[in-house]
Amino acid sequence: MPRKMREKSRSKSREASREKQQKLDLSPDTTPWSLVGRVLASRFARTVYLWGPPGVGKSYVAMHEGLADRPVAALTLTPETPAAELRGGWMPKGSGFEWRDGPIVTGMREGGRVVLNEVAYASSDVLAFLHPVLESPETARLTLPSGETIEPAPGFQVVATDNCPIDQLPEALRDRFRSVIKVDGPHPDALARLRPDLREAALRTYDLEPERAISIRGWLALQEFEADLGCEDACRVVFGRERGEQVFKALRLAAA
Ligand SMILES: Nc1ncnc2c1ncn2[C@@H]1O[C@H](COP(=O)(O)OP(=O)(O)O)[C@@H](O)[C@H]1O
Ligand SMILES: [Mg+2]
């Protein structure tokens, strides 16, 4: 089949499978945060996709909860991240080179957790590297450029985080995540760091207009800046002029 036709038919089948996914609505309901830690701690949760709006605590939880005494490493992907950053490579040493493991290889050897933030950015290079890594433990194998083949030690876990539903990931990657967790509001421990009035305002925006909700980072920054700038200017600096004014008015109204 000529290349153009092949590409066309491939893109048609991708479209059809996307439609099917949407019809089946495979996205889970929102998972309560209390369950997230338990899922991460489960020995069966080898590959986890954790998604939801920005700034709710996904990366934080992936770094801290359900680890027991496992080591953890995190990496944020960009479209330019090469597979070598995950796998490792030959580094100059003296007059020669020595092999240095990347975070995935270290995680596989030590039975640790690897957090991959913004996984939807994975390039085809990174995808080709990740596919065998994310297989079930019986089949996951990685052959390094040094010729060494490694298998995942018990406890090895990949937790990927992003803002998009899983059906927006490339099909082969999507297929390898055995647990999918959706969160849509800020983690209670993150909220607990806010003053009661800011916490209430944050929760109200998440409830009333989730699409305009402000990342918990914004509320934390407002709380800090306020001491030096006063509430009105802090709102403006953190949230921008228009949104900042709305937040300031809402806070004043709630205080009245
Ligand atoms: N469980 C938590 N306990 C304390 N602070 C938290 C917690 N979760 C999030 N935060 C705070 O909120 C910020 C944003 O959380 P992060 O995990 O980076 O969000 P996301 O990955 O969902 O975009 C963190 O840098 C941290 O300061
Ligand atoms: Mg994050």
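1. Let's start with a pair of leucines. In this predicted model, Leu75 stands opposite Leu116 in β5. A second pairing sits alongside in the numbering: the bridge partner of Ala74 in β5 is Val115. Both belong to the pairing of β2 with strand β5 (residues 113-117), where five bridges join two strands that run parallel.

2. Now look at what lies on the other side of β5. Here too the pairing is in the parallel sense, with five bridges between β5 and β8. Val115 turns up again, since its bridge partner in β8 is Val159. How much of β5 is covered? Four of its five residues are buried, so this strand is mostly covered.

3. With those pairs in mind, the whole sheet is easier to follow. It is an open sheet of five strands in the order β2-β5-β8-β1-β9, with parallel pairing. Its edges are formed by β2 (72-76) and β9 (179-182), each of which pairs on one side only. On average, neighbouring strands of the sheet are turned by 20° against each other, direction ignored. As a general reminder, the strands of a sheet pair through backbone hydrogen bonds, either parallel or antiparallel.

4. Which helix lies across β1, β8 and β9? That is helix α2 (residues 33-41). The strands beneath this description are β1 (47-51), β8 (157-162) and β9, and α2 runs at about 160° to β9.

5. Another place worth a visit is the pair formed by helix α11 (residues 231-239) and helix α12 (residues 241-255), which pack at an angle of about 140° with their axes 7 Å apart. Angles over 145 degrees would count as roughly antiparallel; α11 and α12 are therefore oblique to each other. Their crossing is right-handed. On the α11 side the contact includes Cys231, Cys235 and Phe239, and on the α12 side it includes Gly244, Val247 and Leu251.

6. Stepping back, the protein has 12 helices and nine strands. Of its 256 residues, 25% count as buried. Among contacts between residues at least 6 apart in sequence, 69% join residues at least 24 apart.

7. Finally, a word on confidence. The mean pLDDT of the protein is 90, and 89% of its residues reach 70 or more. Where should you take more care? Over residues 20-26, pLDDT stays under 50, and the model has three contacts beyond four places in sequence for this stretch. Where pLDDT is low, the predicted coordinates should not be read in detail.

Conventions: Residues numbered from 1 in each chain as written. Chains lettered and ligands numbered in written order. Predicted model: local features only at pLDDT ≥ 70, side-chain atom pairs only at ≥ 80, totals over all residues. Buried ≥ 20, exposed ≤ 12 C-beta atoms within 10 Å, placed from the backbone. Contact = placed C-beta atoms within 7 Å. Pairing = 2+ DSSP bridges. Axes fitted to C-alpha atoms, helices over the stretch in contact; angles between N-to-C directions. pLDDT = per-residue confidence, 0-100. Parallel < 35°, antiparallel > 145°, perpendicular 65-115°, else oblique. Left-handed = near helix turned anticlockwise from the far one by under 90°.
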